[in-house]
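Me: I would like to go through this model feature by feature. Please give the general idea each time, then the case here.

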Amino acid sequence: MKKLLTFILIVMLACLFLDKISGSGSGSDMHMQFNGDDVDGPLEWLFGLVFAGGGLLIAAIAVVCAAVITGVVLAGVGVVLIAVVALCVVLALALSTPVLLPLLIPVAIVWLIVSRNRKQAQARQHSL
């Protein structure tokens, strides 16, 4: 934090010196009025930096709030979408069960053979 404040102070001082060096005939069209009075010199730079920094701070807060709200909304939508996809998968499986039955018969036979071989291997290990 101290480094940031030091950097800001250096930038503000550089702006003050640049304003002094360039003078009023530098071709800048920007004029700042405060309560109807023309503000120039170092005070103009200071006000410009403060108001620009304030605007950036407000913009940063707005972007963070928008990101949080978007994250919450999209998280809720994501949960709903996952539930809908799971429901569609269950529905598709329920509708395709009669079609998958010829595929399930060979899978069941292979599963039974593998489990029988596994049980026999375990029985041989226990008997040794």
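The dialogue below takes up confidence, fold elements, exposure, a surface patch and cysteines.

Me: What kind of model is this, and how are residues numbered?
Reply: It is a predicted model, in which local features need pLDDT of at least 70, side-chain atom pairs count only at pLDDT 80 or more, and totals for chains, interfaces and linings use all residues. Residues are numbered from 1 along each chain as its sequence is written, and side-chain values use heavy atoms, without hydrogens and water.

Me: What is the mean pLDDT of the protein chain?
Reply: pLDDT is the predictor's confidence in each residue, from 0 to 100. The protein chain has a mean of 81, with 86% of its residues at 70 or more. Confidence is lowest in strand S1 (residues 32-34), mean 71, and highest in helix H2 (residues 42-127), at 86.

Me: In which order do the elements run?
Reply: Helices (H or I, at least four residues) and strands (E, at least two) are DSSP runs, numbered from the N terminus. There are two helices and two strands, in the order α-β-β-α.

Me: How many residues of the protein chain count as buried?
Reply: Buried means under 20% relative accessible area, exposed over 50%, partly exposed in between (1.4 Å probe, protein chains only). Of 128 residues, 5% are buried. Ile113, in helix H2, is partly exposed because its relative accessibility is 42%.

Me: How many disulfides are there?
Reply: A disulfide is a pair of cysteine sulfur atoms within 2.5 Å. The count is zero. Cys65 is partly exposed at 42%, and Cys88 is partly exposed at 46%.

Me: Which residues form the nonpolar surface patch?
Reply: Patch residues have over 30% relative accessible area and no salt bridge (a side-chain nitrogen of Lys or Arg within 4 Å of a carboxyl oxygen of Asp or Glu); like charges are joined within 9 Å, nonpolar side chains (Val, Leu, Ile, Met, Phe, Trp, Tyr) within 5 Å. Here the members include Val85, Leu93 and Ile113.

How values were computed
Accessible areas come from the Shrake-Rupley method with a 1.4 Å probe; for residues, only the protein chains shown count as cover.
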